[in-house]
Each structure stands twice: as structure tokens, then as C-alpha cells.
Amino acid sequence: MSMILSASVIRVRDGLPLSASTDYEQSTGMQECRKYFKMLSRKLAQLPDRCTLKTGRYNINFISSLGVSYMMLCTENYPNVLAFSFLDELQKEFITTYNMMKTNTAVRPYSFIEFDNFIQRTKQRYNNPRSLSTKINLSDMQMEIKLRPPYQIPMCELGSANGVTSAFSVDYKGAGKIASAHQRLEPATLSGIVAFILSLLCGALNLIRGFHAIESLLQSDTEDFNYIIAFFLGTAACLYQCYLLVYYTSWRNVKSFLTFGLICLCNMYLYELRNLWQLFFHVTVGAFVTLQIWLRKAQGKAPDYDV
């Protein structure tokens, strides 16, 4: 018989369970699936926003939005369109009921356990598809899944029942690029915010001077065109430093040092157009931003909550 067995609401950044079904079965298969729930909850920040994990007799499906993930366990023959429509309803209700401030500041596991009442009612409806009156919504969901199917997380290793050697890994197509795109950085510090603003300021100053250099070139032939290139390269370097400060990419630290090197080269070439204080300001800001990029690491392993 195809049916939904359980569901959970989990915070993405650290895997904290916010709410969950309270009527799950105690069979060996279900207990093993709960271990996979734990494994997935630790990796949500690195995974796409719609995924499926097939564990044999059961499937685990989840969607993530606004820092919260909605995860459900169902039998392997449960229709995909119903599974993701179920998760979509949980998401809409949770967002309507609780604001982001509460979910972001929750410190205790299952702080919103009362949401289980809605999970149970919705689960009963979806376990009896004939009672559903959402054919239009299901058609929309079916089209959405067809256009953007969930990512299938491959099971590379099935562990023992006690969970000591249980492990799985996700192998994306284009692994490095996709993993990097979903990696989260540690929260920004005050010095990081100051570095971001100063880098934007330097970029804006370079951009303004670049346009002035273009005007001078159009009015007379005495202006060196290479100065224009140097100003715009400096602008691009400052903006790219801002990007590296905010987002995680592969070889992030190496890119930041190369970008800082480009800033130094541009300012060396512009030595005749800037005084020492201006050169000192631009180079110092570049070095400060590079340091902040190096200090802001990717988020580490999430705490082991009992999901």
C-alpha cells in the first residue's frame, strides 16, 4: 500500500528539527530511515532545494525554502506528484503560521511541535487521494516536477543498523560547482560588513575616475587609454572581492589573493594620477577585504540533533 509515513520540519543552516510527526512506526526499516533523516539534516545547506533519496522500500523527499526544509518519508510506490504537493502544503502553512524571526532564533529542538496537528491532518488527506480536491494544484505540481525534477541523491553505502558505519554521500553532476553553489558561509561580522562597504566605495571611485578618463580622451588625445582600462579593472576587482566576501566558491582564498594582486597592479599603473594617500587607501582596503574573505570560513558540521 502506498502511503506517507512521517514528516519533519528542519532548519537548514544547522539541522535543528522544528517539528515532526509523532506517530511514526518502530519497525527496523523505519528506524534505519530515521538515521538517513539525520544524515540529510546535516547536509541540507549543501543540497538543492528539491531532492529524493531512495532507500529501498521507502523514499525520502524534501524541499527547502527560506532557510527551512520540509522532509517526508513514504513508501517507494507513493506518487511523486502527491509527495511534493504534500510538502508544498506543509511549506505554505508553516510560512503562514510562523515568521522567519521565530524559526531563526529557535534554540530548542521541536520548538514548533504543535505544527504536528497540521501534519497529521494533511497526511490523512494525502493517504486517501480520492478525498483530495486539488486536481488543478496537482496538475501544476506535475508540470513543475516534469520541468524541474527533484535531484536523485545516490546511495553509495548502506550502513549497519546501529549507525556506527552508516554513511552516504551525494555525487552531483559537476560535483564541485553544485556543491560550492550551495555551501553556506559563517554569519557576517561587523568588520566583514565594513570591508564590504569599503570595497564598494573603492569600486565606485574607480568607476567615476574611469568615466572621467573617457571624457578626457574624447576631448583630447593626450589621455592614455590604458588608464581607462586600469580604472575599470580596479572596479571589477573591488566588486569581485565583494562577491567573494558574500558567497562561497571553490578556490575562494586563492581567488581573493589574485584579485588583491590585480588591485595592487592597477594602482601601481595609476601612480601618476593618484597621490600617496589615495594609493594607500585603495591598497589597504584591498588587503583588509582579502583578510576578511580569508577569515569568513564555510559553515562547519551541524550539531547532531536527535531528528
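## Helix packing in a predicted model

Helix α2 meets helix α4 through Leu82, Ser85, Phe86, Glu89, Leu90 and Glu93 of α2 and Phe118, Ile119, Thr122, Lys123, Arg125 and Tyr126 of α4, where contact means heavy atoms within 4.5 Å and helices are DSSP runs (H or I, at least four residues) numbered from the N terminus, as strands are runs of E of at least two. By class, this contact of α2 with α4 has six nonpolar, two polar and four charged residues, with Ala, Val, Leu, Ile, Met, Phe, Trp, Tyr, Cys and Pro counted as nonpolar, Asp, Glu, Lys and Arg as charged, and the others, Gly among them, as polar.

The model is predicted, and local features need pLDDT of at least 70, side-chain atom pairs count only at pLDDT 80 or more, while totals for chains, interfaces and linings use all residues. Residues are numbered from 1 along each chain as its sequence is written, and side-chain values use heavy atoms, with hydrogens and water left out.

Two packed helices are described by the angle between their axes and the distance between the axes. For α2 (residues 80–97) and α4 (residues 116–126) the angle is about 155° and the axes are 11 Å apart, the axes being lines fitted to C-alpha atoms, for helices over the stretch in contact, with angles from 0 to 180 degrees between N-to-C directions. That makes α2 roughly antiparallel to α4, a term for angles over 145 degrees. The crossing of α2 past α4 is right-handed, meaning that the near helix is turned clockwise from the far one by less than a right angle, whereas anticlockwise would be left-handed.

Further along the chain, α8 (residues 225–246) and α9 (residues 252–269) have axes that come within 9 Å and cross at roughly 155°. The two helices, α8 and α9, are therefore roughly antiparallel to each other, and α8 passes α9 in a left-handed crossing. Their contact includes Ala230, Leu233 and Gly234 of α8 and Thr259, Phe260 and Ile263 of α9; by class it has 13 nonpolar, five polar and two charged residues.

Helix α9 also packs with α10 (residues 276–295), at an angle of about 180° and with the axes 9 Å apart, which makes α9 roughly antiparallel to α10. Among the residues in this contact are Phe257 and Cys264 of α9 and Val283, Gly286 and Trp294 of α10, and the contact divides into nine nonpolar, six polar and one charged.

An unreviewed UniProt entry annotates residues 188–208, 228–247, 254–271 and 277–295 as "transmembrane region", an annotation that may be inferred rather than shown by experiment. In the model, residues 188–208 are 90% helix and 0% strand, with end C-alpha atoms 28 Å apart, and residues 254–271 are 89% helix and 0% strand, with end C-alpha atoms 26 Å apart.

The protein chain averages a pLDDT of 80, and 81% of the residues score at least 70, pLDDT being the predictor's confidence in each residue, from 0 to 100. Over residues 157–182 pLDDT stays under 50.

Conventions. Parallel < 35°, antiparallel > 145°, perpendicular 65-115°, else oblique.
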